[in-house]
Amino acid sequence: MAYEKGARAADFHHYGGRGIKVCAEWHDLVVFRDWALANGWEDRSHLPKNERLSIDRIDNDGPYSPENCRWSTKTEQARNRRSNRAVRRSDGKTYGTIVAAAEDMGTSYRDIRAACLCTRKGKIVGGYGWAFAQEWSR
């Protein structure tokens, strides 16, 4: 399928529709290439897809610009999504993502997510009850 310009592009609402822009200097491919090479881009085409680098905006609501972009793997980018939800343990400790909580607790993403979705908030994983941070009520 050919790329469509403007509001008809399939993902327009995720980018241009939210006001996300590319800085003027990066419209010059040589300038962008120089920034990329000076800021950690390297050819990883020989590696598995999840280990390759792609551009990631630090502030998801900010522009594609030198001060707001970095090179990240697919795993690193997954932690910087708008859809991530913070979770809180029953002792009050809050994590920015379920993945961060699972890594800290030495358990699985699925277990913590299931505990957060459980209608009885007392479901225990790793010795704690869990809830999405904005839903915790005690």
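Which side chain does a polar contact of 3.3 Å join to the side chain of serine 72? The partner is aspartate 56. I will come back to that pair, but please keep in mind throughout that this is a predicted model.

Let me start with the whole protein. There are 138 residues, and 27% of them are buried. The protein has 4 helices and 6 strands. Going along the sequence, the order of these elements is α-β-β-α-β-β-α-α-β-β. The exposed surface comes to about 9,400 Å², with 51% of that supplied by carbon and sulfur atoms. As for contacts between residues at least 6 apart in sequence, 38% of them join residues at least 24 apart.

Now to strand β2, which covers residues 69-72. Two of its residues are worth a look. Serine 72 sits in this strand. Is serine 72 buried or exposed? Its relative accessible area is 3%, so serine 72 is buried. Buried here means under 20%. If we set aside the neighbours within four places in sequence, serine 72 is in contact with Arg52, Leu53, Ser54, Asp56 and Gln77. Asp56 in that list is the partner from my opening question, joined to serine 72 through side chains.

Cysteine 69 is in strand β2 as well. Its relative accessibility is 7%, and therefore cysteine 69 also counts as buried. Again without the neighbours within four places, the contacts of cysteine 69 include Trp26, Trp35, Ile55 and Asp56. Arg57, Ile58, Pro63 and Tyr64 are in contact with cysteine 69 too. Asparagine 39 is 30 residues away from cysteine 69 in sequence, and the two C-alpha atoms are 9.3 Å apart in space.

Next, the sheet. Which strands form it, and in what order? The order is β4-β3-β6-β5, so to speak from one side to the other, and these 4 strands make an open sheet with antiparallel pairing. At the edges are β4, residues 94-95, and β5, residues 124-125, each of which pairs on one side only.

Inside the sheet, β3, residues 87-89, pairs with β6 over 3 bridges in the antiparallel sense. One place to find this pairing is valine 87, whose bridge partner in β6 is phenylalanine 132. On the other side, β5 pairs with β6, antiparallel, over 2 bridges. Here valine 125 has tyrosine 128 of β6 as its bridge partner. The hairpin of β5 and β6 has 2 residues between the strands, and glycine 126 in this hairpin takes a positive phi near 65 degrees.

Why is β6 described as largely enclosed by the rest of the structure? Because 4 of its 5 residues are buried. Helix α4 lies across β3, β5 and β6, at about 75 degrees to β6.

That brings me to the cores. The largest nonpolar core has 11 residues, including Val87, Val125 and Phe132, which we met in the sheet. Also among them are Tyr95, Ile98, Ile112, Cys116 and Trp130. Helix α3 (98-105), helix α4 (109-117) and strand β6 (128-132) each supply at least two residues of this core. Apart from this core there is another, of 9 residues, and Cys23, Trp26, Trp35 and Leu53 are among them. Two of those names came up earlier: Trp26 and Trp35 are in contact with cysteine 69. Leu53 is in contact with serine 72.

Definitions and conventions: Residues numbered from 1 in each chain as written. Predicted model: local features only at pLDDT ≥ 70, side-chain atom pairs only at ≥ 80, totals over all residues. Heavy atoms only, no water. Buried < 20%, exposed > 50% of the residue type's maximum accessible area, 1.4 Å probe, protein only. Polar contact = N/O pair within 3.5 Å; in protein donor to acceptor, adjacent residues only side chain to side chain. Contact = heavy atoms within 4.5 Å. Areas by Shrake-Rupley, 256 points an atom, 1.4 Å probe, with all protein chains shown as cover. Core = buried A, V, L, I, M, F, W, Y, C linked by side-chain atoms within 4.5 Å. Pairing = 2+ DSSP bridges. Axes fitted to C-alpha atoms, helices over the stretch in contact; angles between N-to-C directions.
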